[in-house]
Structure formats: C-alpha cells, structure tokens
There are 2 protein chains.
Amino acid sequence: MAHPTVTMKGAPFDRAAMETLMRRRLFYTPSFEIYGGVSGLYDYGPSGCALQANIVDTWRKEFVLEENMLEVDCTMLTPHEVLKTSGHVDKFADWMTKDPKTGEIFRADHIVEEILEARLKGDKEARGQKVDDEDKEDPKKKKKKVKVIKAERLDDALVKEYEEVLAKIDNYNGEELGELIEKYNIRNPANDGELEPPKAFNLMFQTSIGPSANSPAYLRPETAQGQFLNFQKLLEFNQQAMPFASASIGKSFRNEISPRAGLLRVREFLMAEIEHFVDPQSGKKHPRFVEVKDVELELLNREVQLSGKTDVKTTPIGEAVEKGVVDNETLGYFLARIQLFLLKLGVDKSKIRFRQHMRNEMAHYAADCWDAELLTSYGWIECVGCADRSAYDLTVHAKRTGAPLVVRETLKEPLRIEEWQIDLDKKKFGPKFKKDGKAVEAAIEALTQDVREKLSLELKENGKITVEVSGVGDGRVDVGKDLVAIEKRTRVESTREYTPNVIEPSFGIGRILYALCEHVHWTRPGDEARGVLSFPPLIAPTKVLIVPLSAHPDFQPLIHDLSKKLRTLRISSRVDSSNASIGKRYSRNDELGTPFGVTVDFQSVKDKTYTLRDRDTTKQVRAGEDAILQAIVSLTEGAESWEDVAKRLPAFEGQEVD
Amino acid sequence: MAHPTVTMKGAPFDRAAMETLMRRRLFYTPSFEIYGGVSGLYDYGPSGCALQANIVDTWRKEFVLEENMLEVDCTMLTPHEVLKTSGHVDKFADWMTKDPKTGEIFRADHIVEEILEARLKGDKEARGQKVDDEDKEDPKKKKKKVKVIKAERLDDALVKEYEEVLAKIDNYNGEELGELIEKYNIRNPANDGELEPPKAFNLMFQTSIGPSANSPAYLRPETAQGQFLNFQKLLEFNQQAMPFASASIGKSFRNEISPRAGLLRVREFLMAEIEHFVDPQSGKKHPRFVEVKDVELELLNREVQLSGKTDVKTTPIGEAVEKGVVDNETLGYFLARIQLFLLKLGVDKSKIRFRQHMRNEMAHYAADCWDAELLTSYGWIECVGCADRSAYDLTVHAKRTGAPLVVRETLKEPLRIEEWQIDLDKKKFGPKFKKDGKAVEAAIEALTQDVREKLSLELKENGKITVEVSGVGDGRVDVGKDLVAIEKRTRVESTREYTPNVIEPSFGIGRILYALCEHVHWTRPGDEARGVLSFPPLIAPTKVLIVPLSAHPDFQPLIHDLSKKLRTLRISSRVDSSNASIGKRYSRNDELGTPFGVTVDFQSVKDKTYTLRDRDTTKQVRAGEDAILQAIVSLTEGAESWEDVAKRLPAFEGQEVD
C-alpha cells in the first residue's frame with residue numbers, strides 16, 4: 001500500500017517524477033536492459049556510483065575508523081557446509097506456489113495478498129464507495145498480476161476476514177498459506193488455473209566450485225558468516241582484547257521469487273555489516289554510551305505493536321536502556337549511532353523510526369532486534385537492522401568444526417570453586433561390571449553437584465551408593481565404597497573461557513540510498529517538470545559543476561585551471577560545456593544534486609572572478625578565484641553554510657536566464 | 001618454475017617467510033579455514049583490507065577522477081544470453097582430464113607439464129647432474145601431484161622433445177593435449193591410472209535466477225560486459241561527446257579447475273577495468289599523450305618473443321608509438337599511465353615489464369594487446385592487461401539485440417557520395433520469377449559497386465543483365481531492362497554513424513597487491529626472523545602506530561587526544577598498548593607496514609613532546625605535538641621525505657630497546 005508522503009518542501013511527493021529523473025540522470029538503470037532486463041537487478045551509473053561511494057565512505061569513517069573496527073573482505077562464494085551450519089540452507093526461504101498448467105510461479109503470500117486486496121476493492125466498487133486508484137496511475141510499474149477488478153459485493157463477515165488475513169499476511173507459514181489458498185479459492189489471475197500447495201523456495205543462489213559436482217556452494221546471503229568464521233584470527237589480531245568489532249562492506253545476494261518495488265527489493269545488493277563481540281557477563285555495557293545517551297529516537301516498541309498500534313514514542317536512548325525498552329547499552333549505543341549516521345547523509349529526521357521486532361519475527365536465538373525504518377512512498381522500509389544475535393553463530397560453527405571460537409581470559413583473581421568430586425577406582429570396574437563398566441562409569445561422572453552431595457551421605461551411611469544406569473540390569477546399580485569416593489574439594493581456576501555475544505548493526509546501502517533520494521527530492525514552485533535533489537555537499541555525487549558561458553577558446557585555460565585546483569583540493573567537479581542555455585545547464589546540475597555551480601563568463605577572462613551558485617536557493621555570489629575556491633572548501637566541509645557565504649561575498653544578480 | 005628474486009635491499013627473497021608474515025598479520029587468510037578451506041578463495045583481514053582500499057582509492061584518483069571517467073557499478077549476476085553473445089559461454093574454458101576410476105580431475109596442460117618436468121628431473125638425477133630442489137623446500141605449498149621423482153635416464157632426443165613441449169605448453173588446444181597425453185603416456189601420478197581425453201571446462205560459475213529453471217545465469221568473468229551494455233546511456237550522459245571512458249571496480253569470478261599459487265590464482269577477485277571508447281577513424285590519438293610521451297617503458301615485443309628471447313628494450317612510449325611497436329597513441333597513453341600508477345603504489349621499477357601478446361594469444365578481434373607484468377618469486381606475472389578490443393563487443397551485442405550501440409555524429413561538411421544505385425520494378429518480379437522472386441531481388445541488391453558499374457554497361461548494350469543466383473535454375477538468371485535500371489547518382493549524408501573501438505586497461509587488484517608485497521618485503525640484517533613491509537605512506541594500511549611506553553593512566557588523555565587529532569586529519573592510526581616491549585611493538589609495526597610510530601613516554605606527560613620513528617631507517621626525532629603532527633601530514637602526503645624531517649627536527653637516540 002502506498003503511503004502519502006510529502007517532499008522536504010511540504011508538497012506532495014511524486015514518485016514517478018523522481019524515478020524518471022533518477023533514470024534520466026543515470027543514478028541507476030535496469031541491468032541488461034537491451035536484453036530485456038532481469039527483474040531485481042540494477043546497475044548504478046556515474047551519479048549513483050558516486051553517491052554510493054560517498055555513503056560508503058561516510059559509513060567507513062563513522063563506524064570503522066571512529067571505533068577502530070577490524071574490517072574484513074570475505075568471499076561471496078560460500079560452501080554448502082557453512083550455510084548448512086548457520087541455518088540458511090534449511091530456513092532462508094520464501095513460499096512459492098505454482099500453476100501446474102502454465103508453469104507460472106507466484107510468491108504465495110504476495111498472490112494471496114493481491115487477490116484479497118482486489119476482491120476488497122471490487123466490493124467497495126459494488127457498494128459505490130470511492131476506490132483508491134493507485135493502480136490505474138502506473139499499472140506497469142506495479143507489475144500487478146490482477147489486471148481487472150470485478151465489482152462484486154462480499155458478505156460483511158467475509159470483508160472482515162479478508163482484512164484480518166491481510167493484517168497478518170507476513171506471519172503465515174507454508175501450510176497456512178496453502179489453507180488460505182484453498183479456503184478462499186485463490187487462483188492464477190491470468191487463466192483462473194488452480195494453484196499447487198506452497199513449497200519452500202530457498203533464496204540463495206546456488207552454484208558449484210571446481211569441476212567436480214560435489215562442491216555445492218551458494219552466494220552469501222549476508223556478509224556476517226565470513227566475519228564469524230574468522231573470529232579467532234581477529235581476536236588474535238586484536239591482541240586478545242575484548243570487546244571489539246569487525247566490519248565488512250560487500251555484495252550479498254537473495255534470489256527473490258518475483259521482485260518488485262525497484263531498488264528496495266533487489267537480488268544483488270551492497271551491505272555494510274558490523275559484528276560487535278561482547279562478553280555476555282559484562283551486562284553488554286558500552287564505554288562510549290555516555291556520549292550518545294541524550295540522543296532522542298522515535299521508538300515503536302513491541303508492546304505498542306501488540307496492541308495493534310504504530311504510535312512512536314520520542315525517547316532519549318539513555319532512558320530507553322534504563323527502562324529496559326532497549327535490551328542493553330551496546331544495542332542502544334548502535335541505535336543512536338545509526339540515527340546520527342542517517343542524519344549525516346541527509347535523511348529527513350521526521351521520516352526515521354526504530355521498530356522493535358516482535359518475538360515471532362526474530363530468530364529464536366536473538367535477544368532483541370530493532371530496525372531503523374525510513375518512510376518512503378512504499379511505506380516504512382527497513383533500512384538498517386540492529387540485532388543481538390547472542391552467541392548463536394559462534395556456537396554452532398564451533399560445534400560443527402571443533403574450532404575454539406571463544407575468548408580465554410586470565411582472571412585477575414583466580415576463582416576458587418568448591419565442588420563435590422568423585423574418585424573412581426577404575427581398575428576394579430572391569431572385573432566387577434564386565435561389559436557394563438564404561439556405562440556405569442559414565443553414569444556416575446554425569447551426576448550433578450546436588451546428587452553428589454546426597455550420595456556422599458548415602459555412601460557414608462550405607463557403604464555403597466545406588467546409581468541409575470539405563471540398560472544395565474534392572475536399571476539400578478550398586479557401587480560399593482571400595483570402588484568410589486565422594487569428597488568436597490576446592491578447585492582453582494585462573495582462566496575463564498566464554499563465547500562472546502554478537503550485536504549486529506546491518507546496513508542495506510541500496511535501500512538507504514533510495515530512501516535518501518526520496519527524502520531530498522523536490523520541485524521548484526511553478527517549475528514542476530524539473531526536479532532538484534538536495535543532497536548535503538558531503539554526499540552529493542559531484543560537488544561543483546563548472547559552466548562556461550560560451551565555447552569561446554579564451555575560456556579553456558580558466559576551466560582547465562579551475563578543474564585542476566579543485567582536483568588538488570580533492571573536490572569532485574564536472575564541466576558542462578554543452579551549448580544548452582545556462583538555465584538548462586543549471587537545471588541539469590540540480591537534477592544531478594550538484595550543490596554548487598561556478599560560471600565562467602567574459603568578465604572571468606578579464607579579471608579571474610567567478611560566480612558561485614547555490615543549488616537550493618539558486619542565489620549567486622561573485623568573487624575572485626581564491627575566495628570562490630575557499631568558499632567551496634568551507635561549504636563542502638560543512639564549516640560554513642550558504643547563508644554564511646552569502647553574507648561574506650557580494651551577491652550576483654545577472655545571468656541566470658532560461 | 002620459481003625465479004630467483006632479490007629483495008629491495010638486494011638480499012635473496014624468502015617467499016615462505018613473507019607468506020607467513022602476511023598470514024600472521026592477517027593481510028589475508030584462506031577462506032573457510034575452520035571448515036578445511038576451499039582452494040582459490042581467500043579473505044582479506046584488516047591489514048589486507050586497508051591496503052586494498054588504498055590501492056583502489058589511488059586507482060580511482062589516478063584514472064576515474066583524473067580523466068573524468070564515468071564509473072558504473074553493474075551486477076555480477078549475468079544472464080546466459082549476454083555471455084553467449086560475448087563469446088564466453090563457448091570459449092571461456094580450460095581443458096580438463098579425468099581419471100575415470102577415481103574421478104580425480106586434472107587441468108590437462110598442468111598435468112602434462114608437471115609429469116614431463118618430473119621426468120626431466122629424473123633424467124638429470126640419473127645423469128648425475130644437479131637438480132633444482134625447490135620442491136623439497138616446501139612441498140605442501142606447491143600442491144604438486146607428482147610426489148616421487150624416479151631417477152630414470154631418457155633418450156637425448158626425447159629430452160629435447162619434452163623441452164620443446166614445455167616451452168609451448170600454454171598454446172595447445174584440447175585435441176593436442178590429448179595427443180600429448182597418449183604419446184607420452186601421461187597418467188594419474190597417484191595410481192598410474194589412465195586419463196580420459198581432455199574436455200573443455202567452462203570457467204564461469206553457473207547459477208539460475210528466480211524459481212524457474214529457465215533463467216540460467218553466470219557470475220561475470222570480467223566487469224567489461226556491463227559497461228558495453230550501458231554504452232548508449234553513458235554516451236547520452238556524456239552529452240554525446242567522444243571520446244570518453246567508463247570504469248568499474250568490482251569482483252569477478254573464474255572457476256579454476258585446480259588453483260594453486262596463492263593470491264595469484266583465485267576464484268573470486270577484485271578487478272578495476274576501464275573501457276575507453278574511441279572513433280576508429282581518429283587514428284586513436286589521445287589529447288594528453290604529449291604529457292607521457294617521454295615515459296620510458298621496458299618493452300618485450302612480439303618479434304623478440306618469436307625469436308625465442310625475452311630481452312626487453314627500454315623505450316620512451318612516444319618512440320614506441322611512432323615506430324608502430326605499440327599500435328596507437330591511446331594504447332600507448334594507457335601503458336605509460338599504468339606504469340606511473342604502479343610506481344605510485346611502491347612497485348619496484350626494475351620488476352616491471354610490458355609484454356606484447358603473440359597473435360595466437362589474442363582474441364581474434366583484438367588489434368593489439370600488452371600486459372604489464374610484475375616480477376615475483378612465481379616468475380613474471382600478468383597484473384594489468386591493456387587490449388585494443390576493436391569494435392567487437394559493441395558490434396556483437398548490437399547485432400544480437402538490435403540496440404544502436406553506435407555514435408551518431410553530425411558532419412561539419414555533409415558528405416556527397418557518388419554511387420551506382422539499382423532500381424527494381426518489384427511488381428513485375430512476382431509474375432516473372434514466381435517463388436524465386438525474392439532470391440533474385442536479394443542477389444541484385446547485394447551487388448557491389450564494381451559489379452554494378454559493369455552491369456550498367458551490359459544493360460545498356462544488351463538490354464538485360466545476367467546475375468548469379470544460386471539455387472535458381474542453372475544458377476544464372478537474366479533480368480531485362482523492363483525490370484531493372486542502374487544509374488550513377490549522388491547521395492548526401494549529413495550524419496556519420498560508427499561503432500567505437502575500445503581500448504581496455506584491466507587491472508587485477510589482488511595480483512598487484514601480492515606482487516607489491518613481494519617487492520616491499522625485506523628483513524633487517526642480523527634480524528632475519530622479523531620482516532619489514534616498506535609500503536609508501538600513501539598505500540600503507542595504517543599510517544601511524546601510537547605506542548604508550550607503559551599502561552600508566554596518565555598516558556590515556558594523550559593517546560586519546562593524538563588519535564582524535566589524527567582522525568580529524570584523516571590519517572589512520574592504531575594504538576598498541578599491549579604490554580610487550582617497545583622493540584617488540586615496533587617490530588609488529590614494521591610487519592604491518594606502518595611507516596611511522598609515535599611513542600608516548602613520561603616526558604610526553606610533562607611537556608607534550610613525542611618521538612616520531614621512521615619504519616625504514618628506525619631513526620627517531622622528538623618534538624612537540626604540533627610539529628610531530630605536521631611532520632606526519634607532510635610525510636604521508638609526500639611533501640617531505642624522512643630525510644627532510646630528520647634535518648628539521650632534533651634526533652632522538654634513547655628508548656628503542658628490545
């Protein structure tokens with residue numbers, strides 16, 4: 001369902017206009033388009049590529065450098081065994097249903113959802129109510145399977161049932177979806193053909209390594225596993241110091257059954273993931289939590305959702321952790337840092353919320369999980385997940401491989417542990433118990449401390465103990481004091497061994513990029529055909545557009561010189577020397593999100609002065625080369641705002657004509 | 001065959017020592033090692049990751065920004081049809097041979113090579129000659145299949161035959177390899193089992209997109225195809241201006257049959273590729289060629305190789321292009337720029353050469369191709385390819401899809417073309433030729449200008465022409481002047497349409513990274529157990545190691561302050577506050593390739609002075625915070641050398657103790 005959103009200027013947001021702009025300006029484009037394209041695959045062009053690189057760069061600075069994280073770059077190809085252990089081979093799946101006659105395949109939850117929605121619309125029409133006609137606007141973009149909606153009135157009770165099913169559509173398993181398909185007679189909308197019961201479809205792309213057929217592998221569904229597998233080496237590299245975090249930026253893959261929703265649901269995508277390893281006994285405190293405790297977040301917690309509402313509560317993260325709304329400091333620390341990062345990119349603060357996962361949404365091992373969701377025209381979209389994965393991953397890989405994915409810590413004060421210890425005279429066990437010797441031994445050694453304490457009294461009183469050993473005699477075996485002794489003793493431990501817990505902030509870079517573009521897109525009043533993308537200078541694909549007023553050869557040395565000086569200052573620039581009007585070139589600049597424009601005119605040739613134009617206000621100032629370059633540096637670094645510069649340098653009023 | 005190489009200090013290079021260092025310091029590590037590993041897959045740890053990021057960053061600056069290239073980020077998943085058209089489905093293959101009894105698979109050329117080499121060694125032993133015992137040093141690393149070498153004397157003639165085969169081992173096709181296997185009785189070295197005739201094994205990883213089985217796809221073997229498919233959009237983005245280049249940095253894949261040689265032959269690797277599009281009629285000139293024409297390259301051209309030699313010739317690139325050794329300016333421009341880039345990274349100039357491809361090595365469409373090869377302990381290794389791919393790729397994709405992958409240029413002066421035009425009275429063709437009408441028409445329209453001219457005379461003289469139309473009558477058809485007219489007319493063309501040619505510099509980032517590590521690795525005389533990696537500051541994973549002399553709490557604020565100031569200066573630093581000795585920590589620093597060390601001692605607490613240590617000379621200077629930070633900035637930016645700094649700031653002699 002499309003949500004009504006407004007632009008940063010308060011006007012209605014026009015998705016079609018923005019998407020057209022982004023394709024025209026080559027932010028992105030469907031991959032293999034000349035071959036008909038493949039759904040869910042997109043290429044980034046120069047603008048998208050630079051935007052993506054700037055987002056990644058900011059991420060690396062804000063997280064990896066700021067926190068001295070250990071960055072790794074692991075392979076995407078991953079052998080079967082690893083993903084079998086992690087649970088992905090068995091559980092990373094969606095439900096699909098097939099029309100056996102045509103072979104067409106649908107994602108089961110999507111087809112149920114779509115058909116019930118269509119019927120509800122048909123019902124509204126039949127009742128003469130107003131129908132939201134979003135589909136009619138742009139039927140192609142939506143790729144809906146249901147082409148025609150029949151005006152047919154439904155029972156009031158059935159309407160209520162449909163609405164309840166739709167509210168819970170994300171939570172049905174395959175069997176339940178199969179029941180819905182049967183109960184509501186869900187059929188292939190194209191030919192009314194019957195659908196098969198849903199089957200699980202694993203969402204990993206499968207391949208095979210090497211020439212023999214016995215090395216099945218997958219493209220990784222997340223970058224996390226590579227980080228877990230290297231835990232021991234990373235801990236060693238970190239000189240055994242805890243806590244620490246690893247980080248990874250790279251592509252992951254998800255073989256969607258039938259992707260729609262553009263850049264938001266793709267089959268190949270860039271992720272940036274952090275695995276922060278903590279001692280579970282530390283209370284998951286974070287040493288820098290104090291720095292962010294006053295950051296206010298819009299929290300949508302589990303309880304509110306359970307009550308069927310979506311009211312967010314503005315809460316300082318310090319308070320949220322203190323009250324236990326957010327499970328621990330480390331998780332809270334990252335939620336705050338995620339928001340600060342998103343704001344730095346230019347995301348609209350009023351379009352961020354943090355939604356807690358419901359219990360049945362989380363993996364069984366997760367302690368807590370919050371998503372940073374951004375409001376787009378597609379609704380609230382999960383862009384960053386932040387989960388406490390507990391010790392699950394390290395534990396399963398350690399168990400499967402025998403690798404010690406643990407921390408060994410020398411205790412400052414050795415631990416003195418009092419415990420009941422059992423001594424067995426093993427030499428006598430064979431002669432006495434024959435083939436059952438081992439089983440009896442094992443049963444005795446498995447006894448708990450409580451039982452040992454009781455048995456020590458029994459041994460003292462009766463000279464023997466009676467132990468349950470299943471499968472030996474009648475299941476109860478007597479062992480005399482000639483064979484066994486039980487004593488309370490003190491054991492000293494000087495090291496502690498534990499499996500760290502993992503807090504995982506996981507960023508979908510493509511989704512953030514797309515949502516950001518929606519947040520910064522607007523049109524100038526009276527000039528709705530031309531868009532503006534108001535990226536902050538830090539993130540803008542190109543910082544400066546250089547616009548020569550004419551193709552006169554006298555301009556060349558100035559352009560060359562300006563470009564070179566900007567390059568030395570590490571500020572990206574482009575020259576637009578096409579013969580379009582200055583106004584047209586500036587509006588191209590606005591669509592590319594370039595924050596500043598420098599015009600080279602005949603006056604420049606005489607005295608090396610230039611005009612500097614601000615994208616958002618379209619105001620201009622004029623000054624000599626040094627002053628203009630200095631203003632650009634200070635604007636792109638964020639040291640000054642346009643208002644500051646406009647106060648300092650003389651305004652320029654001429655020239656901008658269409 | 002291993003080549004004897006020496007370190008930058010002239011001592012023998014010890015590969016095993018360097019590889020141990022690189023793994024210990026987590027530059028790289030075998031992927032999935034706790035699961036037993038997968039050959040040909042490696043992960044980069046923090047040091048390797050930072051090194052790789054710095055190389056990529058330099059590449060982007062030297063090529064993409066410097067030349068305003070249009071960077072794109074295309075998907076790795078590529079549908080079958082695209083790679084069928086490009087020729088990869090049919091030709092991107094190696095030959096494999098199987099032992100049918102055990103199922104073991106060998107790369108055919110490798111197994112022939114290895115067995116013949118082993119026999120030649122055995123022959124030498126039998127003749128009592130000295131045998132190069134490289135294998136005995138490190139049998140595991142080599143993963144040789146031949147474990148035991150039998151001392152057995154061969155005929156002199158056979159020795160010569162074997163040597164000839166080995167010299168040409170890269171040039172045999174499958175059938176020829178099969179003949180060699182039979183002729184020389186090449187068998188599975190493990191069990192003497194017979195080997196099957198070689199079969200082609202396609203080196204692309206295959207997968208499937210979506211849930212149905214009819215969308216076969218591959219992981220891309222190069223980033224080039226995505227750039228070609230977007231040509232039209234990129235040209236449009238570039239406002240139709242030619243020439244221009246696109247560029248892409250991303251992972252590609254090659255499903256090696258049985259990879260060895262560590263980081264040099266991997267199944268998943270980072271590439272940086274440029275596609276520079278030029279007008280073939282421009283003479284492939286490059287406007288900036290003049291800037292590089294005096295750059296001297298070590299060229300190993302085709303003729304020298306044909307004569308069986310490997311003598312390189314130091315040639316200024318200007319001269320090489322002028323004499324036609326290098327085909328054109330654009331190709332030459334990039335060869336020079338490749339060398340300048342490699343030198344910037346710290347590659348040893350004496351270990352670079354440019355080798356021209358032999359005719360049979362190049363794709364049939366390639367006009368010329370040169371590899372930048374770097375000398376390593378594995379021999380000369382291709383690290384950058386620079387090929388003129390002509391118009392091949394754009395042509396085949398345009399032909400297959402109908403997309404106009406061409407440049408349309410408005411001609412300054414419209415072209416007036418005189419030509420013989422043929423007019424057919426098509427209405428009369430049916431009645432006259434019946435079912436053969438179309439064939440006759442087609443045959444006439446296919447006639448060349450020369451033939452048309454001759455036929456125009458024939459028509460004038462005889463009132464008819466005789467045309468060859470295979471499959472019609474006796475293959476010769478008469479057409480009278482009532483049906484056909486031939487006249488010379490003038491056609492005016494105001495636009496020119498052409499398919500650009502492509503010059504493709506293609507960088508294997510992982511290979512460059514590995515070769516660079518070999519080039520900068522050395523050990524201090526008398527301290528051979530500890531390595532040094534002398535990366536230039538620009539490329540070094542971390543620029544500064546901060547070493548507190550003790551864990552005294554008074555040091556904390558200083559360390560915090562230094563780290564923060566360096567972060568603001570965008571200079572990466574790490575703190576080593578382990579309780580190892582200063583000497584041990586510095587030597588860790590040397591192994592990580594960190595060029596500078598700052599020591600915080602008790603004096604620092606008093607007066608905020610620090611010592612600054614140079615990795616390569618181990619010399620130190622001491623100064624106040626500002627002076628030290630300023631020196632670090634100027635050293636990492638390359639504005640000053642250590643010698644300059646050592647002259648300016650007072651030397652410090654104390655402290656470095658083991």
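**Exercise 1. How many of the twelve residues of strand E16 (residues 379-390) of chain A are buried?**

Solution. First, the ground rules. This is a predicted model: local features need pLDDT of at least 70, side-chain atom pairs count only at pLDDT 80 or more, and totals for chains, interfaces and linings use all residues. Residues are numbered from 1 along each chain as its sequence is written, chains are lettered from A and ligands numbered from 1 in the order in which they are written, and side-chain values use heavy atoms, leaving out hydrogens and water.

Step 1. Fix the terms. Buried means under 20% relative accessible area, exposed over 50%, partly exposed in between (1.4 Å probe, protein chains only). Helices (H or I, at least four residues) and strands (E, at least two) are DSSP runs, numbered from the N terminus.

Step 2. Read off the count. Ten of the twelve residues of E16(A) are buried, so the strand is mostly covered.

**Exercise 2. Find the strands that pair with E16(A).**

Solution. Two strands pair if DSSP finds at least two bridges between them.

Step 1. Take strand E15 (residues 368-376) of chain A. E15(A) pairs with E16(A) in the antiparallel sense over nine bridges. A hairpin of two residues joins them. Ala372(A) stands opposite Val384(A).

Step 2. Take strand E21 (residues 501-508) of chain A. E21(A) and E16(A) are antiparallel too, over six bridges. Here Gly385(A) faces Ser506(A).

**Exercise 3. Lay out the sheet that holds E24 to E29 of chain B.**

Solution. Step 1. Write the order. Six strands form an open, mixed sheet: E25-E24-E26-E27-E28-E29.

Step 2. Mark the edges. Strands E25 (573-575) and E29 (651-652) of chain B each pair on one side only.

Step 3. Check one pair. Strands E26 (residues 596-600) and E27 (residues 609-614) of chain B are antiparallel over four bridges. Val598(B) stands opposite Leu612(B).

Step 4. Add a helix. Helix H21 (residues 555-568) of chain B packs on the sheet, touching strand E24 (544-548), E25, E26 and E27 of chain B. Contact means heavy atoms within 4.5 Å. The direction of H21(B) makes about 170° with that of E24(B). Such angles run from 0 to 180 degrees between N-to-C directions, with axes fitted to C-alpha atoms, for helices over the stretch in contact.

**Exercise 4. Relate chain A to chain B.**

Solution. Step 1. Superpose by least squares on C-alpha atoms of residues with pLDDT of at least 70 in both copies. A turn of 180° and a shift of 0.1 Å along the axis lay chain A on chain B with an RMSD of 0.8 Å. That is the relation of a two-fold axis.

Step 2. Locate the axis. In chain A, Thr207(A) comes closest to it, at 2.3 Å (C-alpha).
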